[in-house]
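Please read the following report beside the sequence and the coordinates. It takes up aromatic rings, a pocket and two individual residues in turn.

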Amino acid sequence: MVIIYMLYLLIFVVFVIGAIICMKIKASGMNVRDFFNFIFAINDLNDLYIYSKNNVNMTKSEQTTFLKKAEELFSKFEKVPSIIWEDEYDKYEHVLETYKNIRMMKWAEMAV
């Protein structure tokens with residue numbers, strides 16, 4: 001019987017901690033869903049950063065895929081204040097530069 005009460009207490013404590021975290025996120029002016037999407041986007045940023053280092057070796061289809069994934073990533077990062085992800089700024093900047101370079105190459109190809 002005591003174990004059941006302890007289990008209920010543990011579930012209640014976890015629920016309260018989750019509610020406090022959600023309230024803190026809301027109080028900072030963010031949407032909770034956007035924040036958790038951002039958490040997962042950090043992994044995508046790491047993948048794109050590694051992928052962007054091979055910019056010279058990308059095929060046309062790989063460049064198109066990179067552009068689509070980078071646009072999705074940028075939209076997720078825009079929804080979160082930059083102070084939260086300032087540790088990842090160098091990676092973000094490198095991915096952004098690669099994105100710009102690929103876009104410029106695509107525009108140059110379309111113009112010719």
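What follows describes a predicted model, beginning with its aromatic pairs and ending with side-chain surroundings.

**Aromatic pairs**

A pair of aromatic rings is described by the distance of the centres and the angle of the planes. The structure contains nine aromatic pairs. In one of them, Phe77 and Trp85 meet edge-to-face, with 5.0 Å from centre to centre and 85 degrees between the planes. Both partners of this pair can also be described by their accessibility: Phe77 counts as buried because its relative accessibility is 1%, under the 20% cut-off, and Trp85, with a relative accessible area of 8%, is buried as well. Phe77 and Trp85 belong to a cluster linked by ring pairs, in which Phe38, Phe74, Tyr89, Tyr92 and Tyr99 also take part.

**The largest pocket**

The largest pocket has a volume of about 150 Å³. Its lining is made up of Asp44, Asp47, Leu48, Tyr51, Thr65, Phe66, Lys69, Glu72, Leu73 and Lys76. Helix 2, which spans 32-52, and helix 3, which spans 60-78, each contribute at least two residues to this lining, and helix 3 gives the most, with six residues. By residue class, the lining comprises five charged residues, four nonpolar residues and one polar residue.

**Ser52 and its surroundings**

Where in the helices does Ser52 lie? Ser52 is part of helix 2, and with a relative accessible area of 3% it is buried. The side chain of Ser52 has a polar atom 2.8 Å from the backbone oxygen of Tyr49, and the same side chain makes a polar contact of 2.9 Å with the side chain of His94. When residues up to four places away in sequence are not counted, Ser52 touches Met58, Phe66, His94, Val95 and Thr98; Phe66, one of these, is also among the residues that line the largest pocket.

**Ile39 and a comparison of accessibility**

Ile39 also lies in helix 2. Its C-alpha atom is separated by 9.7 Å from that of Phe77, a residue 38 places away along the chain. Ile39 has a relative accessible area of 37% and is partly exposed, because this value falls between the 20% and 50% cut-offs. The table sets out the accessibility of the residues discussed above.

| Residue | Relative accessible area | Class |
|---|---|---|
| Phe77 | 1% | buried |
| Ser52 | 3% | buried |
| Trp85 | 8% | buried |
| Ile39 | 37% | partly exposed |

Notes. Residues numbered from 1 in each chain as written. Predicted model: local features only at pLDDT ≥ 70, side-chain atom pairs only at ≥ 80, totals over all residues. Heavy atoms only, no water. Phe/Tyr/Trp six-rings, centres within 6.5 Å; stacked < 30°, edge-to-face > 60°. Buried < 20%, exposed > 50% of the residue type's maximum accessible area, 1.4 Å probe, protein only. 1 Å grid on protein atoms, 1.4 Å probe; cavity = no way out; pocket = protein on both sides within 12 Å on 5 of 7 lines; lining within 4 Å. Points joined across faces, edges and corners; volume = space filled by probe spheres on them. Helix = DSSP H or I, 4+ residues; strand = E, 2+ residues; numbered from the N terminus. Nonpolar A, V, L, I, M, F, W, Y, C, P; charged D, E, K, R; others polar. Polar contact = N/O pair within 3.5 Å; in protein donor to acceptor, adjacent residues only side chain to side chain. Contact = heavy atoms within 4.5 Å.
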